[in-house]
Amino acid sequence: MKKDIYYVRMKDREFKVAFEKDGVFIDGVPLPAELVPTAHKAFVKARIHDQILAFPIDQNDEEVRFLFSGREYIAQVEDERQRTLHSLESAGEETGAGVTIKAPMPGLVVKVEVNVGDSIERGQGIAVVEAMKMENEVRAQGGGIVKDIRVKDGQAVEKGEVLVVIE
Amino acid sequence: MFRKILVANRGEIAIRVMRTCREMGIRSVAIYSEADRTALHPQMADEAYLIGPAPATESYLDFKRVLDAAKKSGAEAIHPGYGFLAENADFVRAVQEADLVFVGPPAQAMQAMGSKTEARRLMKSAGVPIIPGTQQALASTSKAKEAAAKIGYPVLLKAALGGGGKGMRIVEKEEDIERAFSAAAREAKGAFGDDNIYLEKLLPGPRHIEFQILADKHGHVIHLGERECSIQRRHQKVIEETPSVALTPELRRDMGNAAVKAAKACGYVNAGTVECMLDANGNYYFLEMNTRLQVEHPVTEMVTGIDLVKWQLRIAAGEKLTLKQEHIAPRGHAIEARIYAEDVTSGFLPATGFVNFLRVPSGPGIREDSGIAEGSEISRHYDPMISKLVAWGETRDEAVRRLARALREYRIAGVPTTIPFCLFVIEHPRFSSGDFDTRLVDEELHREFMEVPANPEIERSVAAALALAVKQNGSRTNNQRMKTESSTSGWKWSGRRDGIEK
């Protein structure tokens, strides 16, 4: 039987969790760990060593977010098959054209502050998006030349919608 | 006393008011928008009326719809909560014209204090100290430049009808004033329907101290002590506490007297709050008066044992304020954390979604005023504050430790919250020391928070638990599950929302 291996990445750390016949191993070290049944699918309850950890999770295709003991975690969990798939995908992305700046939340574009052809620096304001009656400035994550503007002033945008493409 | 009251609000404050109504044997009436069909507040009331679509302008802010619901229900009074219509003098008049009682101050006092410029004029003549600046709205950018040059940079541009940091901009130097002026005016127009802007000298590192006022219709005015709200993120209060570590008994007495004077100067009635700035030298200045119940009122209730909403209702019904100033004897310390649905990891942006899981803290000294339940939707239509967590302790240290304990107990999924940030702030040595001002969060803690290292031991355990769960459940998305498995009303609602917004 093939070993069950999961990779859990949180910020800059990665843990390799292996489920084997004789127990759970984390980064090669045995760890007494078992799931405790819960009525709620979104609620994780597990016995790790002598402690029971219980926290609800919020899971989408890309990541798992959760609050544990007052601290927020964002984790990517992959099994071996997904890992292989992702490494193939990201190899293809390297040649992609440009960086996109996306709307960080749903709202209304109050003002696009750049024009096509502008040279911009990292941290520079790109657009003002209003949500909950507060204006939020969306800033460039990196520098470059504005290649395309996908929205106009007054337009409603969804979270993740591309505002501007930078090359 | 009234037999039935309409609560013209939603979320936690509507529920908070309804709770007191129930204790007093008053029937409560909720109003709700289509976006709030499954919300908690209509469920907490004795009666609930659907008054309109999701946008607040067509529901919670619509005088006619609110008053129609009041008429239909036979309510005798309207409690506005905070926000929405709470500080709208035209609404107060409309309520009176409909032969109903507004639970709050008279329109005139509200109007005087609602205009920051008029309030400044009034306070100055009453002998309450004000921050140097203009007492008139600025007609143009050039007028703003002129006024700023006179008092010296940095200055603060503020919406004359503003509050809560909206329509406000700090200007460090002249070349920035034009851009800041138009941004402030635009934001003010959107939030308050008025783009009048005035200007104040920016005080370097003030503390924000406010006094709770109660005033009856018979000329009796008292204060219930102060609240310190210096822990703010971009002018939004994050943590509030009472008493303030910055006040000596003498300063507390002086500021309390000034707050009572301020309330009397505008003919104030009902519960109100006088906000002041306190500089490093112990000088205080009137900032503004909030003519309503404050978000952070529970900390005052915790130390005084007084139910402010109960007194609001008794005063509105014409009863005499039987509390005397000398009877107000705060005990212990109380602290509140405001919990917002915001994504702290991506710059505190408002988050939306369904609350998939919720288990709130309790235990010794804890009060949780929340407006959500499991399954609630946090929509983009309304304020992202979802809950207030309040702790009481005999000492400041005990109150803070209790709040930290309770924040760690909080279990919520579906929307990211500011819980981690609140916890970080109250456990920071600068907060414990009491040596801080309104700049602490924006200039120091915010950046530090982003860089807090993880505890590798805990991370390892959490990673193992997560891998176990994913192995068992697969990588399905529980947000999708939430949507597809929810009842038909969710589908209906979603269809309606699409219809409205597209």
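Trainee: Which element supplies the largest share of the lining of the second largest pocket?

Mentor: Strand 9 of chain A does, with 4 residues. Strands (E, at least two residues) and helices (H or I, at least four) are DSSP runs numbered from the N terminus. This is a predicted model, in which local features need pLDDT of at least 70, side-chain atom pairs count only at pLDDT 80 or more, and totals for chains, interfaces and linings use all residues. Residues are numbered from 1 along each chain as its sequence is written, chains are lettered from A and ligands numbered from 1 in the order in which they are written, and side-chain values use heavy atoms, with hydrogens and water left out.

Trainee: How is a pocket read, and which residues lie nearest the centre of the second largest one?

Mentor: Rolling a probe the size of a water molecule over the atoms shows where empty space is left. On a 1 Å grid over the protein atoms alone, a pocket is an open set of points with protein on both sides within 12 Å along at least five of seven lines, a cavity is a set where a 1.4 Å probe fits but cannot get out, and lining residues have an atom within 4 Å of a point. Here the second largest pocket has 25 lining residues, and A:Arg71, A:Glu72, B:Pro420, B:Phe449 and B:Val452 lie nearest its centre. Two or more lining residues come from each of strand 9 (71-79) of chain A and helix 13 (419-426), helix 15 (440-450) and helix 16 (456-473) of chain B. The space in this pocket is about 750 Å³, a volume being that filled by probe spheres set on grid points, which are joined across faces, edges and corners.

Trainee: What classes of residue line this pocket?

Mentor: The lining has 14 nonpolar, 5 polar and 6 charged residues. Ala, Val, Leu, Ile, Met, Phe, Trp, Tyr, Cys and Pro count as nonpolar, Asp, Glu, Lys and Arg as charged, and the others, Gly among them, as polar.

Trainee: How many cavities of 30 Å³ or more are there, and what is the volume of the largest?

Mentor: There are 3 such cavities, and the largest has a volume of about 100 Å³. Its lining includes A:Glu72, A:Arg65 and A:Phe66 from chain A and B:Ile412, B:Gly414 and B:Thr417 from chain B. Strand 8 of chain A gives the largest share of this lining, 3 residues. By class, the lining of the largest cavity has 7 nonpolar, 2 polar and 3 charged residues.

Trainee: How much area do chain A and chain B bury between them?

Mentor: The size of an interface is often given as the accessible area lost when the parts come together. Chain A and chain B bury about 5500 Å², 61% of it on carbon and sulfur atoms; this area, found with a 1.4 Å probe, is summed over both parts. The contact (heavy atoms within 4.5 Å) takes 59 residues from chain A and 65 residues from chain B.

Trainee: How many salt bridges cross the interface of chain A and chain B?

Mentor: A salt bridge is a side-chain nitrogen of Lys or Arg within 4 Å of a carboxyl oxygen of Asp or Glu. The rule finds 6 across this interface, and 49 over all chains. A:Asp4 pairs with B:Lys471 at 2.9 Å between the closest N and O atoms. That pair runs from strand 1 (residues 4-10) of chain A to helix 16 of chain B. A salt bridge also joins A:Arg13 and B:Glu459, at 3.3 Å from N to O.

Trainee: Where is a cis peptide bond found next to B:Pro154, and what is phi of B:Arg234?

Mentor: Most residues other than glycine have a negative phi, and most peptide bonds are trans. The bond from B:Tyr153 to B:Pro154 is cis, with omega near -5°. B:Pro154 is in the loop between helix 7 (141-151) and strand 6 (155-163) of chain B. B:Thr242 and B:Pro243 are also joined by a cis peptide bond, with omega about -5°. For B:Arg234, phi is near 45°, a positive value.

Definitions and conventions
Buried area = accessible area lost by both parts, 1.4 Å probe.
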